[in-house]
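Please open the model in your viewer and keep the selection panel at hand, since each stop below begins with something to select.

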Amino acid sequence: MKYHQLIMIFISALVMSCGGKDQTARQEKAPPQFQNKGHELIYIMTQKAGDYATLWNKRDVVYTYTYRTPDNKADISTEKLLFDGELSYGLYQIHERTFPDLEGPIEQGYDGKEYWLKHNGHIQSDTTRLKRVAFNRPTNFYWFAMFQKLLDPGLNYEYLGEETIDNTPYDVVKITFTSTDEKPTDVYQLYINQKTALVDQFLFTVADFGVMETPNLMKVEYEQIEDLLIPTKRRYKKSTWEAAVSDAPWITVTWTNIQFNTGLSTKDFLK
């Protein structure tokens, strides 16, 4: 299906926002003013997978998060996200990667103002551990809502052209974030399948850990959950900027038992 045909199909399917406090939730019925073709392709993708207004209308989500490394170390947590305020909570029954020295369940959360950590029900005040929480909580929220949030204000889009991988034609779009403090920000390079308008894979950096020169390549598989296409199966490893990966094993991430609109409130995220 040609690019301009996709535009007409997916614009006609735009879901009208219900409003809300978060700026990303207030999407207009009409398509935005596009910076360039890359921006427009991201917009089309959100109309296929589901835009932020669709996600926002579900209010919250609870799901099981499983992260497994090639040496079979795992984190398995029950994640709770409240879309208004981007609040985040995780109960880790297994945490072989995150604070493996702590025995027993750990809880970490963000209540809109503060990041906090509990171990066996006791508040932890170690600043090093809290810095890790301050990375984990927004990261887990962002990964879940990433494709919807790619229309957030402050993003820059660059269309890099077409590329064929394993006989599949892709449009390649680079996304960067406007920095307010001159610190490095993450870079994403998305491969948008021309046939489906969905992202099959993307390159990403991790600026918080200084991983900027060598990106990771993430491959995703989608699952239909209500009226959203959720990339519930993910795997990634080091790559080049040409999306060439080694024979090294993949790190895998899965989201299961996804339940929307469970009745969470801000109280569920307080320590």
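Begin by selecting L150 in this predicted model, and display its surroundings while leaving aside neighbours within four places in sequence: what remains in contact with L150 is I42, M45, Y142, L155, Y157, I175 and L190. Then widen the selection to the largest nonpolar core, which has 45 residues, and in which F144, L150, F202 and F260 touch the most other members. Colouring helix α4, residues 127-149, is useful here, as this helix gives the most to the core, with seven residues. A second core, separate from this one, consists of eight residues, and to find it you can select L82, Y89, W116 and F269, which are among them.

Next, turn to the enclosed spaces, where the structure holds two cavities of 30 Å³ or more. The stop here is the second largest cavity, with a volume of about 30 Å³; to outline it, select W143, F144, M146, F147, Q148, L229, P231 and R234, the residues that line it. Two elements, α4 and β12 (228-238), each give two or more residues to this lining, and the largest share, five residues, comes from α4. Sorted by class, the lining has six nonpolar residues, one polar residue and one charged residue.

The last stops are salt bridges, of which the structure holds eight. Select R137 and E79, whose side chains meet in a salt bridge at 2.8 Å, N to O. This pair links distant parts of the chain, with R137 in helix α4 and E79 in strand β2 (residues 74-82), 58 residues apart, and both partners are buried.

Staying with helix α4, select R129 together with D101, a salt bridge in which the closest N and O atoms are 2.6 Å apart. Here D101 belongs to the loop between β3 (87-95) and β4 (106-110), while R129 is in helix α4, 28 residues apart from its partner. Is each partner buried or exposed? D101 is exposed, because its relative accessible area is 51%, whereas R129 counts as buried because its relative accessibility is 18%.

Finally, select E226 and K58, whose side chains form a salt bridge at 2.8 Å, N to O. E226 is in the loop between β11 (211-225) and β12, and K58 in the loop between α3 (52-56) and β1 (60-68), so that the pair, 168 residues apart, links distant parts of the chain. E226 counts as exposed, at 52% relative accessibility, and K58 as buried, at 9%. Add D227 to the selection to complete the view, as K58, E226 and D227 are linked in a network of salt bridges.

Definitions and conventions
Residues numbered from 1 in each chain as written. Predicted model: local features only at pLDDT ≥ 70, side-chain atom pairs only at ≥ 80, totals over all residues. Heavy atoms only, no water. Core = buried A, V, L, I, M, F, W, Y, C linked by side-chain atoms within 4.5 Å. Buried < 20%, exposed > 50% of the residue type's maximum accessible area, 1.4 Å probe, protein only. Helix = DSSP H or I, 4+ residues; strand = E, 2+ residues; numbered from the N terminus. Contact = heavy atoms within 4.5 Å. 1 Å grid on protein atoms, 1.4 Å probe; cavity = no way out; pocket = protein on both sides within 12 Å on 5 of 7 lines; lining within 4 Å. Points joined across faces, edges and corners; volume = space filled by probe spheres on them. Nonpolar A, V, L, I, M, F, W, Y, C, P; charged D, E, K, R; others polar. Salt bridge = Lys/Arg side-chain N within 4 Å of Asp/Glu carboxyl O.
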